[in-house]
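Here is a short briefing on one structure. Look at the picture first, then read on.

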Amino acid sequence: MKAVRSAVALAALAIAPSLLAQGSTADEIAKYRAALQDGNPAELWEGRGEALWKQQRGPKNVSLERCDLGLGAGVVKGAYAQLPRYFADADRVMDLETRLVWCMVTLQGYSEADAKKNPFGNGNDRKSDLEALTAYITSESRGVKMNVPMRHAKEAEAYRVGEKLFYFRGGTHDFACATCHSEEGKRIRLQDLPNLTTAEGAQKAYTTWPAYRVSQGELRTFEWRLYDCFRQQRFPELVFGSDAAIALTMFLARNANGAPFDAPAIKR
Amino acid sequence: MADPMKIRATTLGDSTEVKVLMSHEMESGQRKDAQGQTIPAWFIQNVIVTWNGRTVLSAQWGTAVSKNPFLSFKFKGGAKGDRIAISWMDNRGDKRSDETVIA
């Protein structure tokens, strides 16, 4: 009897590690993130972005402090939690990055090409002002509940287009965003993929971008996330600030409504 | 010139905890660029932290320290309002100094 019992115990021990493995991978990554959260280098981008926001720059030598991010000229606090949104002056739905480009053009006098020539930084020699500004402005929405509006017809249109794009299959691999992001428990290598068709999944994903990517040593924005997803699914290059990028952002941001924004975060 | 450091220093009981984020490439010298050329090593070599002018930490770093390093340590003593100054120098001779007061 004793022998039988210990055999059963042994069998249980043998099963336990493989059962634990799946849950514990995610747990360990969560622990890793928590350990890094304390010294998140994203703060370096936030600091640089705040200085850029206040600095007089461009052909007109003015700061961005009069830039209207949707809550009135110069209001930064909580602005990101209500983006993308329709802006009457531009007659267009804009996400944060697109709006920053708009302000750099209209307030500071940059050409549009100059304003968006370096959306994603690469090391010390090619630091991106847009990433730094995005880090600063998003950090001012930390803890604010996502509340993306859908009052204007163009906001509703952007949402619908974004939804279509999310489910649109194409490219050499016949891939859609939904191929990876519409089921529970999917992953790439060890990285769990959020199910973006549920409110919980969209909230968890959207509220944790921008993020410092430890593996790249760079802060990455939501536009970058979409850009890189398009690359991974072998789609044509997603143009920075394009209607497609904004529509997808609108779809996911709106789905994240109700959750407190919690970025810039830190990711693997 | 490198970007400013982010420094936090807080006193808890009889010791002070200092947390610093530094902006630096910390190139290891082991990587190659797209043309196959070795990217030269470029890293912070010396770090000195002072508390009201008195050195509380002095470190020599190598290439194994990550990009944008985070340094956290505690020392005995320190009171609210005391000055914490941190400076580093890298192997190219670039320097950066920043300071804060203990909260």
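In which sense do strand β6 of chain B and β7(B) pair, and over how many bridges? They pair in the antiparallel sense, over seven bridges. Keep in mind that this is a predicted model. The points below start with the sheet that holds this pair, then turn to chain A, and end where the two chains touch.

**The four-stranded sheet of chain B**

- β6(B) covers residues 83–90. Its partner β7(B) covers residues 95–101.
- Both strands belong to an open sheet of four strands. Read across the sheet, the order is β4-β3-β6-β7, and the pairing is antiparallel.
- The edge strands are β4(B), residues 54–60, and β7(B). Each of these two pairs on one side only.
- From one strand to the next, the twist averages 15°.
- For one spot to find in the picture, take Ile84(B): Thr100(B) in β7(B) stands opposite.

**Chain A as a whole**

- Chain A has 268 residues, and 36% of them count as buried.
- Its secondary structure comes to 10 helices and seven strands.
- Along the principal axes, the C-alpha atoms of chain A fill a box of roughly 85 × 40 × 35 Å.
- Take the contacts in chain A with a separation of 6 or more. Residues 24 or more positions apart account for 68% of them.

**Two helices that pack in chain A**

- Helix α8(A) runs over residues 199–206. Helix α10(A) runs over residues 243–255.
- Which residues of α8(A) are buried? They are Gly201(A), Ala202(A), Gln203(A) and Tyr206(A).
- The cover over these buried residues includes α10(A).
- The two helices, α8(A) and α10(A), pack at an angle of about 110°, and their axes are 7 Å apart.
- Angles of 65 to 115 degrees count as roughly perpendicular. α8(A) and α10(A) are therefore roughly perpendicular to each other.
- The crossing of α8(A) and α10(A) is left-handed.
- On the α8(A) side, the residues that meet α10(A) are Ala199(A), Ala202(A) and Tyr206(A). On the α10(A) side, they are Leu252(A), Ala253(A) and Asn255(A).
- By class, the residues of this contact divide into five nonpolar, one polar and no charged.
- Ala202(A) and Tyr206(A) appear in both lists: they are buried, and they meet residues of α10(A).

**The three-stranded sheet of chain A**

- Chain A has an open sheet of three strands, in the order β6-β5-β7. Its pairing is mixed.
- The edge strands are β6(A), residues 218–220, and β7(A), residues 265–267. Each pairs on one side only.
- Neighbouring strands of this sheet are turned by 35° against each other on average, direction ignored.
- β5(A), residues 211–213, pairs with β6(A) in the antiparallel sense over three bridges.
- Within that pair, Tyr212(A) stands opposite Leu219(A).

**Where the chains touch**

- How many residues of chain B are in contact with chain A? There are 11, and they are in contact with 10 residues of chain A.
- Two elements of chain B give two or more residues each to this side: β2(B), residues 15–21, and β5(B), residues 70–76.
- The side of chain B that touches chain A has three nonpolar, three polar and five charged residues.

Definitions and conventions: Residues are numbered from 1 along each chain as its sequence is written. Chains are lettered from A and ligands numbered from 1 in the order in which they are written. This is a predicted model: local features need pLDDT of at least 70, side-chain atom pairs count only at pLDDT 80 or more; totals for chains, interfaces and linings use all residues. Two residues are in contact if their C-beta atoms, placed from the backbone, lie within 7 Å. Ala, Val, Leu, Ile, Met, Phe, Trp, Tyr, Cys and Pro count as nonpolar, Asp, Glu, Lys and Arg as charged, and the others, Gly among them, as polar. A residue is buried if 20 or more other C-beta atoms lie within 10 Å of its own, exposed if 12 or fewer, and partly exposed in between; C-beta atoms are placed from the backbone. Two strands pair if DSSP finds at least two bridges between them. Axes are lines fitted to C-alpha atoms, for helices over the stretch in contact, and angles run from 0 to 180 degrees between N-to-C directions. Angles under 35 degrees count as roughly parallel, over 145 as roughly antiparallel, 65 to 115 as roughly perpendicular and the rest as oblique. A crossing is left-handed if the near helix is turned anticlockwise from the far one by less than a right angle, and right-handed if clockwise.
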